[in-house]
Amino acid sequence: MHESTRVRWDTKATRVYWDTRHREHDDLASGGHIGLDRAGNEIFYALRLGTLLPLIGDLTDPSAPLFVLDAGCGKGHFARALARCGHRVDAFDASEEAVAHARARGGGPRYAVACLDEWAVPWPYDVVLCVDVLFHVLDDAEWAAGLRNLASLVRITGRLIVTDENTGARRPRGDYILHRPAAEYAALLEPLGLRHTLFAPYRFRENEVGFHVFTRTR
Ligand SMILES: C[S@@+](CC[C@H](N)C(=O)[O-])C[C@H]1O[C@@H](n2cnc3c(N)ncnc32)[C@H](O)[C@@H]1O
């Protein structure tokens, strides 16, 4: 990891923001949408899971489940759902609060506390997933280091699935949100062998975010 990223995470307001949000909000609002009530967040998560599952796919042979990483897993909602669907799931988040909650819920995934540019394993993943994390990373160097590291964890023909809007320009929105255009993701990922193959919008109310799928071609 870039030591500076851990230092930034440990010292700056970001850590306080996420730890507090994970401590003070329920399991859905803390990682979903703090502006929505419980029912709204149930719909928000269910809709996204329904869009996500076909993007990940499945293997019918239970002896060979897909190996999935959920990077920035929050309290583990998607990680647990993917484990229930038979996938083998590693999951991490920079917030100790979030990971403690996820671990307490159990449900299959292996959890760790880590930053996006920190996670390292000796085996590549079939799918690396990063839901609603990267547009919360305001610092461009931190964003690039995190994205680069996630890309390095995807096997050949595997997929990196990240979420952001699909706009042509940057859009800062409120506290801790900076939407970046797909071209910025592609400019970083394509030289690393990942091709942008799909954008699947959330289609949830006015939300313009969706899943960007990048496939490793070399
Ligand atoms: C909006 S929540 C999404 C959580 C989860 N992916 C979900 O959809 O339920 C954003 C998460 O990103 C985590 N996060 C923010 N910056 C991070 C970083 N640099 N490395 C790892 N996790 C980070 C926060 O702690 C928070 O749990």
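**Close-up views of a predicted model**

**View 1. The whole chain in the predicted model.** A compact globule of 218 residues would have a radius of gyration near 17 Å, and the chain, with 16 Å, agrees with this. Along the principal axes, the C-alpha atoms fill a box of roughly 40 × 35 × 35 Å. The chain holds seven helices and nine strands. Of the 218 residues, 38% are buried. Among contacts between residues at least 6 apart in sequence, 58% join residues at least 24 apart.

**View 2. The open sheet of seven strands.** The strand order is 3-2-1-4-5-9-8, and the pairing is mixed. Strand 3 (110-113) and strand 8 (194-201) stand at the edges; each has a single partner strand, so one side of each lacks a neighbour in the sheet. On average, neighbouring strands of this sheet are turned by 20° against each other, direction ignored.

**View 3. Strand 4 beside strand 5.** Strand 4 covers residues 125-130 and strand 5 covers residues 154-165. The two run parallel and are joined by five bridges. Leu129 has Ile161 in strand 5 as its bridge partner. In general, strands of a sheet pair through backbone hydrogen bonds, either parallel or antiparallel.

**View 4. Helix 3 across the strands.** Helix 3 (residues 38-56) lies across strand 1 (67-71), strand 4, strand 5, strand 8 and strand 9 (209-216). The helix runs at about 10° to strand 9.

**View 5. Helix 6 across the strands.** Helix 6, residues 140-152, lies across strand 1, strand 4, strand 5 and strand 8. Its angle to strand 5 is about 150°.

How values were computed
Residues numbered from 1 in each chain as written. Predicted model: local features only at pLDDT ≥ 70, side-chain atom pairs only at ≥ 80, totals over all residues. Pairing = 2+ DSSP bridges. Helix = DSSP H or I, 4+ residues; strand = E, 2+ residues; numbered from the N terminus. Axes fitted to C-alpha atoms, helices over the stretch in contact; angles between N-to-C directions. Contact = placed C-beta atoms within 7 Å. Rg over C-alpha atoms; globule rule 2.2 N^0.38 Å. Buried ≥ 20, exposed ≤ 12 C-beta atoms within 10 Å, placed from the backbone.
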